[in-house]
Amino acid sequence: MGAGSQLTVPGGGKAGGVYTWEEVQQHSSRTDQWLVIDRKVYNITQWAKRHPGGLRVIGHYAGEDATEAFAAFHPDPTFVQKFLKPLLIGELEASEPSQDRNKNAALIQDFHALRAQAKSDGLFQARPLFFCLHLGHIVLLEALAWLMIWYWGTNWIVTLLCGVILATAQSQAGWLQHDFGHLSVFKESRWNHLVHKFIIGHLKGASANWWNHRHFQHHAKPNIFRKDPDVNMLSIFVLGATQPVEYGIKKIKLLPYHRQHQYFFLGMFFFFFPPKSHLKWPELFLESHWFVWVTQMNHLPMDIDHEKHRDWLTMQLQATCNIEQSFFNDWFSGHLNFQIEHHLFPTMPRHNYHLVAPRVRALCETYGVPYQMKTMWQGFTDIVWSLKNSGDLWLDAYLHK
């Protein structure tokens, strides 16, 4: 290290120091965390607890190059620099590459150029009318359901119809809070946070902080065990091709995993706690299925494994796939049928995903990165088959290894 006699800063490192990737990678524990952004080395050990996105999401990049993740999550990098400046402890040695762990520098540079061009073309600018109309149709559906109850009472036909209408409204409200949670509507983050808290708190009855801390981890390290909370199934399911074999070899048998694709359906019925009101039963049953099938069709059948330290584009493409575009698919999934583009550009307004998608696909073809597109039916059936395949792998390893 060529730091010379520079002043030592709290938490280790020296102000104005020069470091190698090997030195940076040594600081990746919970009590000692460095990361690199644009070749600058930052000590985030003490500040991580104050990170607005949560302690864990930034900690997942300890000892790594966080340049691409930083660009993806922060719509206003200039504003964030004032928080980074006190954390700066030095930079990489001139002889060190800008990317860690032998990542493809050309791919990273081309993706950076694609992102810059998309921003220049206005694809990160939201259309207020789109989101106003979306909110408007949610309010109308909610009002229609309660007017039906007020006028016709609560017989079973009205109850079922209201359940369908309310499930539709609540599912669409879920997609809308997702937009604000990703800071993709207003230019100023504080307005996105304010509206996000209102929608998820008052329309959905959930916590904005809880959602932020979990969901940003999912985006930062999708389908990576111990880092993506969405694949932490608490041993109820085994996922992917690696975990089932590990569980099988260790003779872990909390549940009959080889039948997990069957009780997946039963679990969806009780996704929420059983409500006391009979009016809520059809709504929650439909909404729970709607939410789980849509959110899992893009991820569960994809690669699920331990950390492999891939570049941003390759990591996201390994963990996500797209569903064919149509007016219904866009509406039904909240544009999460463009899951690839959403994961690559989480702050991009969803109505622009279809515009950037051809550029992403072309870049993937150039570098041989698989870009998967499915029908919605195929996406749904792949959930079941992936669970079955994981269960079969567990059974084989449990019996024969």
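User: Buried means under 20% relative accessible area, exposed means over 50%, and partly exposed lies in between. By that scale, is Q296 buried or exposed?

Analyst: The model is a predicted one, and in it Q296 has its place in helix α12, which covers residues 280-296. Leaving aside neighbours within four places in sequence, Q296 is in contact with P301 and I383. Its relative accessible area is 16%, and since the cut-off is under 20%, Q296 counts as buried.

User: What radius of gyration does the chain have, set beside that of a compact globule?

Analyst: The C-alpha atoms fill a box of roughly 80 × 60 × 40 Å along the principal axes, and the secondary structure within the chain comes to 17 helices and seven strands. For 401 residues, a compact globule would have a radius of gyration near 21 Å, and the value for the chain agrees with that, because it comes to 23 Å.

User: How much of the chain is made up of buried residues?

Analyst: The accessible surface comes to about 20,100 Å², of which 62% belongs to carbon and sulfur atoms. Among contacts between residues at least 6 apart in sequence, 68% join residues at least 24 apart. Of the 401 residues in the chain, the buried share is 52%.

User: How far apart are the end C-alpha atoms of helix α9?

Analyst: Helix α9 runs over residues 208-220, and its buried residues are A208, W211, N212, H215, F216, Q217, H218, H219 and A220. What covers these buried residues includes α2 (55-59), α3 (67-73), α7 (156-181), α8 (189-203), α13 (312-319) and α15 (339-344). Because a helix advances 1.5 Å a residue, the 13 residues of α9 should span 18 Å, and the separation of the end C-alpha atoms agrees, at 18 Å.

User: Which helix is among those that cover the buried residues of α6?

Analyst: Helix α6 has 25 residues and reaches 36 Å from its first C-alpha to its last, close to the 36 Å expected at 1.5 Å a residue. Its buried residues are F131, H134, I138, L141, E142, A145, M148 and I149. An α-helix has 3.6 residues a turn, so residues three or four places apart point the same way. What covers the buried residues of α6 includes α7.

User: How much accessible area do L147, W150, Y151 and W152 have together?

Analyst: L147 lies in helix α6, which covers residues 128-152, and α6 is followed by G153, whose phi is positive, near 85°. On the surface, L147, W150, Y151 and W152 form a nonpolar patch, and their accessible area together is about 610 Å².

User: How many residues apart in sequence are the parts that the pair K227 and E64 ties together?

Analyst: A search of the whole structure finds 16 salt bridges, and in one of them the side chains of K227 and E64 meet at 3.8 Å, N to O. K227 lies in the loop between α9 and α10 (243-249), while E64 lies in the loop between α2 and α3, so the pair ties together parts whose separation in sequence is 163 residues. Both partners have a relative accessible area below the 20% cut-off, and K227 and E64 are accordingly listed as buried. The separation asked for is therefore 163 residues.

User: What is the relative accessible area of R190, which meets E188 in a salt bridge?

Analyst: The side chains of R190 and E188 meet at 2.9 Å, N to O. E188 is partly exposed, with a relative accessible area of 43%. R190 is exposed, because its relative accessible area is 59%.

User: Which residues are joined into one network by salt bridges that share partners?

Analyst: K308 and D305 meet through their side chains in a salt bridge of 3.2 Å, N to O. K308 counts as partly exposed at 41% relative accessibility, whereas D305 is buried, with a relative accessible area of 13%. Elsewhere, salt bridges that share partners join into one network the residues E64, K221, K227 and E307.

User: By what distance are the C-alpha atoms of G201 and Q177 separated?

Analyst: G201 lies in helix α8 and is partly exposed, with a relative accessible area of 33%. Not counting residues up to four places away in sequence, G201 touches H196 and A206. G201 and Q177 are 24 residues apart along the chain, and the separation of their C-alpha atoms is 9.4 Å.

Note on methods: Residues numbered from 1 in each chain as written. Predicted model: local features only at pLDDT ≥ 70, side-chain atom pairs only at ≥ 80, totals over all residues. Heavy atoms only, no water. Patch = residues over 30% accessible without salt bridge, like charges linked within 9 Å, V, L, I, M, F, W, Y side chains within 5 Å. Areas by Shrake-Rupley, 256 points an atom, 1.4 Å probe, with all protein chains shown as cover. Salt bridge = Lys/Arg side-chain N within 4 Å of Asp/Glu carboxyl O. Helix = DSSP H or I, 4+ residues; strand = E, 2+ residues; numbered from the N terminus. Rg over C-alpha atoms; globule rule 2.2 N^0.38 Å. Buried < 20%, exposed > 50% of the residue type's maximum accessible area, 1.4 Å probe, protein only. Contact = heavy atoms within 4.5 Å. Expected span 1.5 Å × (residues − 1).
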